[in-house]
Amino acid sequence: MVEAADAELEKFKFIFIITSNIGDEEIPKNIENYILKTKTKNKNYFLCELGNYLGLNYSGCGSVIKKILEKKEWKIKNKILLDSFPELEINKLNKWIDECKKIIKKYG
């Protein structure tokens with residue numbers, strides 16, 4: 001399954017990873033399995049981490065994802081930490097989306 005997904009990833013210049021944070025730096029199992037097994041190298045990605053407490057900008061599972069993908073030569077272009085309910089931070093989310101669009105346009 002990962003090999004087929006790897007072939008699909010090769011088509012894209014940018015990848016969006018949107019994941020929940022299920023505890024102190026714990027990655028959901030399906031996301032963890034995927035990023036550990038992917039053989040795709042040298043990709044640009046954006047990271048949206050859900051499940052942080054409002055107002056706290058600590059590093060949850062996103063920091064682990066970043067470490068794993070750095071070993072695969074993936075480059076993070078932008079990240080955001082959001083509460084479990086993104087609509088509570090809709091202005092922050094919209095600003096992040098606009099920033100991502102600018103990056104894609106610049107490098108796309």
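Where is the place of Asn42? The exercises below treat this and related points.

The structure is a predicted model, in which local features need pLDDT of at least 70 and side-chain atom pairs count only at pLDDT 80 or more, while totals for chains, interfaces and linings use all residues. Residues are numbered from 1 along each chain as its sequence is written, and side-chain values use heavy atoms, with hydrogens and water left out.

**Exercise 1. Locate Asn42 and Glu73 and describe their backbone and exposure.**

Solution. Asn42 lies in the loop between α2 and β2; helices (H or I, at least four residues) and strands (E, at least two) are DSSP runs, numbered from the N terminus. Although Asn42 is not a glycine, its phi is positive, about 55°. With 46% relative accessibility, Asn42 counts as partly exposed; buried means under 20% relative accessible area, exposed over 50%, and partly exposed in between (1.4 Å probe, protein chains only).

Glu73 belongs to the loop between α3 and β3 (75-82), and its position is just after α3. Its phi is positive, near 65°, in a residue other than glycine. Because its relative accessibility is 47%, Glu73 counts as partly exposed.

**Exercise 2. Describe the fold of the protein chain and the confidence of its prediction.**

Solution. Begin with the elements: the protein chain has four helices and three strands. Read along the sequence, they follow the pattern α-β-α-β-α-β-α. Next consider burial: of the 108 residues, 39% are buried. Then consider the contacts (heavy atoms within 4.5 Å). Among those with a separation of 6 or more, 81% are between residues 24 or more positions apart.

Finally, turn to pLDDT, the predictor's confidence in each residue, from 0 to 100. The chain has a mean pLDDT of 85, and 83% of its residues reach 70 or more. Among the elements, helix α4 (residues 90-107) has the highest mean, 94, and helix α1 (residues 2-9) the lowest, 77. Where pLDDT is low, the predicted coordinates should not be read in detail.

**Exercise 3. Determine how α2 and α3 are arranged and which residues make their contact.**

Solution. First take the axes, which are lines fitted to C-alpha atoms, for helices over the stretch in contact, with angles running from 0 to 180 degrees between N-to-C directions. The axes of helix α2 (residues 29-37) and α3 come within 9 Å and cross at roughly 15°. The two helices are therefore roughly parallel to each other, the term for angles under 35 degrees (over 145 is roughly antiparallel, 65 to 115 roughly perpendicular and the rest oblique).

Then identify the residues: α2 contributes Ile31, Ile35 and Leu36, and α3 contributes Ile65, Ile68 and Leu69.

**Exercise 4. Place Ile65 in its surroundings.**

Solution. Start with the helix: Ile65 is found in α3, residues 61-71. Its relative accessibility is 0%, so Ile65 counts as buried. The other buried residues of α3 include Cys61, Gly62 and Ser63, and the buried residues of this helix pack against β1 (14-20), α2 and β2 (44-50).

Now list the partners. Leaving aside residues up to four places away in sequence, Ile65 touches Ile17, Thr19, Ile27, Ile31, Ile35 and Leu47. For one of these, Ile31, the C-alpha to C-alpha distance to Ile65 is 8.8 Å, with the two positions 34 residues apart in sequence numbering.
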